[in-house]
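Here are a few exercises to work through with the model open in your viewer. Try each task before you read its solution.

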Amino acid sequence: PKRADSVGFAIVGLGGYALNQMMPRFSQAARAHVAAIVSGNPDKLRQVGDAYGVPPESRYSYENFAKIASDRRVDAVYIVLPSGLHADWTERAFAAGKHVLCEKPMALSSAECERMIAAGRRANRKLMIAYRSHFEPNNMQAMELMAQNAVGQLRLLRTEQSYRMGPTSPSENWRVNRALAGGGPLEDYGIYGLQAALYLAREMPESISATGFRPAGDPRFAEILAHVSSQLRFPSGAVAQLVTSYDSAGGNIVQARGTTGSLIMDPATGYSGNRMVLETGRDRREFGPAESTVQFARQLDHFADAIRDGTQIKTPGEMGLRDLRLIEAIYASAETGRTVML
Ligand code: NDP
């Protein structure tokens, strides 16, 4: 049952992730519900609106979105658009006086992130980045284990987020279009590895070196890199190797190895079915996939709590900005072939 003070969300962009993953999960949230939808497609507005019981007056097009300002059913706007549109739509939502939950990556540049944070402050509204791993049981357990030095002193982090994208081109698929996706698989998928490296290392890197690759003559990679590989050095002496690709068989793996043990997450950050093993000496602890799917509803309730009770947001705009700054450093190193000192 929903709480009486459940937060009404307007979903902006009725694409794959919104329709197949997030919207069905609102039913499991205690304090969040779908109150409005925003889409460029009138058929979707009708069908999805009917399926979710959204009244016709709370179904918006991109053109008439500004009217949402006077829609009292809507407290927060959830931006699930291609990444290159996140900054503009976050600003529009704040201009309409709503709180904003924005999908990852927060935007495509640190300058855009700064604009988004400033717009939220001006509007006196809250901004959260939808980094769902912070609400996924294995990843939460991993953060706790690392805080307790469960693998001793951390030495090596390795992350891999890859899949092979089918034939496509920048005009057909926003994920390979530079203006909408950024420089490569790093913003969309590799960002999970970057995030994990940071929340497992529990410190910020002091230097980054990176390399990228783009095969010639492949329309998928006319505008973006196919692989991005980077190495982060941390003040403690730990190093992280991050690889991400849109052109290799799939993997979603995070490994943390320390002086006394290893934490292996495989798959690390999926929608469901995540697995994790902690190995220390002769001990082996397995963490099952049973509850991975609670991450979606927990994320929604976390933002609702921040809006209603003023509790602190675990994944605020400042975290998205931090990550975009690191992504910029990775691309700067890949372009120049030089190590970037942070
Ligand atoms: P899709 O391509 O499936 O959907 C994007 C939707 O955005 C479209 O269906 C369309 O909705 C709308 N849109 C508006 N303008 C454009 C445009 N110029 N080009 C394409 N679409 C446009 O993408 P996803 O749902 O996979 O991704 C959306 C966002 O969610 C991205 O930021 C992505 O990084 C993030 N994401 C997060 C995941 C997670 O696990 N947290 C997983 C997958 C994605 P309409 O037809 O209603 O107008």
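**Exercise 1. Find the centre-to-centre separation of domain 1 and domain 2, then describe the side of domain 1 that touches domain 2.**

Solution. Bear in mind that this is a predicted model.

- Step 1: Start with the bounds. The assignment gives domain 1 as 7–131 + 295–316 and domain 2 as 133–292 + 324–341.
- Step 2: Taken over C-alpha atoms, the centres of the two domains are 26 Å apart.
- Step 3: Look at the contact itself, where 19 residues of domain 1 meet 18 residues of domain 2.
- Step 4: On the domain 1 side, helix H4 (110–123) and helix H8 (294–309) supply at least two residues each. H8 gives the largest share, with four residues.
- Step 5: Sort that side by class, and you get seven nonpolar, nine polar and three charged residues.

**Exercise 2. Are the axes of helix H3 and H4 roughly parallel or roughly perpendicular to each other?**

Solution.

- Step 1: Fit the axes of H3 (residues 86–95) and H4; they come within 9 Å and cross at roughly 5°.
- Step 2: Angles under 35 degrees count as roughly parallel, and therefore H3 and H4 are roughly parallel to each other.
- Step 3: Now pick out the contact. H3 brings Ala87, Thr90, Glu91 and Phe94, while H4 brings Glu112, Arg115, Met116, Ala119, Gly120 and Ala123.
- Step 4: By class, this contact holds five nonpolar, two polar and three charged residues.

**Exercise 3. Do the same for helix H7 and helix H9: at what angle do their axes cross?**

Solution.

- Step 1: The axes of H7 (residues 185–201) and H9 (residues 317–336) cross at roughly 105° and come within 11 Å.
- Step 2: The range for roughly perpendicular is 65 to 115 degrees, so H7 and H9 are roughly perpendicular to each other.
- Step 3: From H7, the contact uses Leu186, Glu187, Ile191, Leu194 and Gln195; from H9, it uses Asp323, Leu326, Ile327 and Ile330.
- Step 4: Six of these residues are nonpolar, one is polar and two are charged.

**Exercise 4. Trace the open sheet of nine strands, and say which strands are at its edges.**

Solution.

- Step 1: Write down the order, which is S14-S13-S12-S11-S7-S10-S9-S8-S15, with mixed pairing.
- Step 2: Strand S14 (283–287) and strand S15 (340–341) are the edge strands, each pairing on one side only.
- Step 3: At the S15 edge, strand S8 (residues 207–213) runs antiparallel to S15, with two bridges joining them. Isoleucine 208 has valine 340 of S15 as its bridge partner.
- Step 4: Add the helix that packs on the sheet: H5 (residues 137–147) touches strand S11 (247–258), strand S12 (262–265), strand S13 (276–280) and S14, and its direction makes about 165° with that of S12.
- Step 5: Move to strand S7 (residues 154–164). With S11 it pairs in the antiparallel sense over nine bridges, and threonine 159 stands opposite valine 254 in S11.
- Step 6: S7 also pairs with strand S10 (residues 239–245), here in the parallel sense over seven bridges. The partner of arginine 158 in S10 is glutamine 241.

**Exercise 5. Which residues come nearest to the ligand?**

Solution.

- Step 1: Among the 21 residues around the ligand, Gly13, Gly15, Gly16, Tyr17 and Ser39 come nearest.
- Step 2: Helix H1 (residues 16–25) provides the largest share of this shell, with three residues.
- Step 3: The shell divides into nine nonpolar, seven polar and five charged residues.

Methods. Residues numbered from 1 in each chain as written. Predicted model: local features only at pLDDT ≥ 70, side-chain atom pairs only at ≥ 80, totals over all residues. Near = placed C-beta within 6 Å. Nonpolar A, V, L, I, M, F, W, Y, C, P; charged D, E, K, R; others polar. Axes fitted to C-alpha atoms, helices over the stretch in contact; angles between N-to-C directions. Parallel < 35°, antiparallel > 145°, perpendicular 65-115°, else oblique. Contact = placed C-beta atoms within 7 Å. Pairing = 2+ DSSP bridges. Domains from an automatic or database assignment.
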